[in-house]
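Subject: Structure for your review, with notes

Dear colleague,

I am handing over the structure we spoke of, and below it you will find my notes on what was found. Please read them with the coordinates open beside you.

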Amino acid sequence: MEFDSIDCMTSSDVIDDDDEIHHHNQLSSLLKSHSNNGSSNSIVSPAVHSSTTSVHELLECPVCTNSMYPPIHQCHNGHTLCSTCKTRVHNRCPTCRQELGDIRCLALEKVAESLELPCKYTSLGCLEIFPYYSKLKHEALCNFRPYNCPYAGSECTVVGGIPFLVAHLRDDHKVDMHSGCTFNHRYVKSNPREVENATWMLTVFHCYGQYFCLHFEAFQLGMAPVYMAFLRFMGDEVESRNYSYSLEVGGNGRKLIWEGTPRSIRDSHRKVRDSHDGLIIQRNMALFFSGGDRKELKLRVTGRIWKEQQNPEGGACIPNLYS
């Protein structure tokens, strides 16, 4: 998409009051012509709210279509593009094919400073409005931004809200779905000496109106193969702290117990695993728990999830054991 030319200054120029008036008038005319070329015939001025959309369109890079941030570059004919795409187009304007040089579009950068725009996740529930140059930073951490698929058995690129991801895990990854806050799973592997960096099993639990992902897998920790079980919360980190869980594995009169707080799926599966934040079982111990001739892995992992209650006096959390 071609943009109207903007007569901007080089980075070596100095903006004085006359220049600001000059560029204000140019941008006003530009916005008016940009609006008249579109579907609307209304006169647009930078002073009115309806101009925000037009200015925002001008701040869209014609190459990558992302919003442009300083330094914003332009060619001698006034066509703009972002600094990332400037290197990608080999210093040639993608609109008129003229050499770009090192011209900064300071007028457009200055106009961007005055903009306030809604978060791009407005449709997902975020109602915040931010200055143009703060918007990108907020969106990277916005609580309403989509979640990545928590399935670890493949490089799944699906993103979305929690209800969407639950359906995606069930229908596309064929993940087992369970209701309740306790679990009792048996993991069997015929050749426990074959350890790969792969998820063995992912189970989703619906508990307290929330969804939790129970991971169990084998991987190499240094030179030693280990098995690990851990829980992730399908929601944000702050909310995940309202819950706790326990895992227990054992056999032959021995057992290992782990208690912790589920990690949010904002943290990737690999990040949680590599931080060792879960129940880790060395292979020799796992085979001891399995009993028999130690040629087959048979582990029974039990556990439960509970919700913490706020202590009204001291502010500390106490476990809600009776829900």
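I begin with helix α5, which spans residues 132-141 and holds both E139 and K135, set 4 residues apart, or about one turn of the helix. Please keep in mind throughout that this is a predicted model. The side chains of these two residues form a salt bridge, with N and O at 2.7 Å. Both partners are buried, because the cut-off for that class is under 20% relative accessible area, and E139 comes to 5% while K135 comes to 8%.

The pair belongs to a wider pattern in the helix, since Y132, K135, H138 and E139 of α5 are buried. They lie on the same side of α5, because the arc they cover around the axis is only 100°. The face turned away from that buried side carries the exposed residues K137, A140 and L141.

**Other salt bridges**

The structure holds 12 salt bridges, and two further ones deserve a comment here. D267 and R263 are joined through their side chains at 3.1 Å from N to O, and both of these residues are buried. They also take part in a network of salt bridges that links R263, D267, K271 and D277. E248 and K255 form another salt bridge, in which the closest N and O atoms are 3.9 Å apart; as the limit for a salt bridge is 4 Å, you may wish to look at this pair yourself. E248 counts as partly exposed, because its relative accessibility is 30%.

**The annotated span and its backbone**

For residues 61-97, UniProt lists "domain: RING-type", and the entry is an unreviewed one. In the model, the C-alpha atoms at the two ends of this span lie 16 Å apart, and the span is 16% helix and 11% strand.

Which peptide bond is cis, with omega near 0°? The bond in question runs from P70 to P71, and P71 is placed in the loop between α2 (51-58) and β1 (73-74). The loop between α2 and β1 also contains T65, whose phi is near 65°, a positive value in a residue other than glycine. With a relative accessibility of 48%, T65 counts as partly exposed.

K174, which is not a glycine either, has a positive phi of about 55°. This residue sits in the loop between α6 (162-171) and β8 (176-179), and K174 is exposed, with a relative accessible area of 63%.

**A sheet of three strands**

An open sheet is formed by 3 strands in the order β2-β1-β3, with antiparallel pairing. Its edges are β2 (80-81) and β3 (103-104), and each of them has a single partner strand, so one side of each is left without a neighbour in the sheet. Between β1 and β3, which run antiparallel, there are 2 bridges, and H73 has R104 in β3 as its bridge partner.

**The nonpolar cores**

In soluble globular proteins, nonpolar side chains tend to be buried together. Here the largest nonpolar core has 30 residues, of which L247, I281 and L299 touch the most other members. Two or more residues are given to this core by each of β9 (182-189), β10 (198-207), β11 (210-221), β12 (224-233), β13 (243-251), β16 (279-282), α9 (283-290) and β17 (297-310). The largest share, 7 residues, comes from β12.

What is L247 in contact with, leaving aside its neighbours within four places in sequence? The contacts of L247 are F183, L214, A229, F230, L256, I257, W258, L279, V301, T302 and G303. There is also a second, separate core of 19 residues, and among its members are C85, V89, A112 and L115.

With kind regards

Notes:
Residues numbered from 1 in each chain as written. Predicted model: local features only at pLDDT ≥ 70, side-chain atom pairs only at ≥ 80, totals over all residues. Heavy atoms only, no water. Buried < 20%, exposed > 50% of the residue type's maximum accessible area, 1.4 Å probe, protein only. Arc of directions from axis to C-beta. UniProt positions renumbered as here; feature names shortened; annotations may be inferred. Pairing = 2+ DSSP bridges. Core = buried A, V, L, I, M, F, W, Y, C linked by side-chain atoms within 4.5 Å. Contact = heavy atoms within 4.5 Å.
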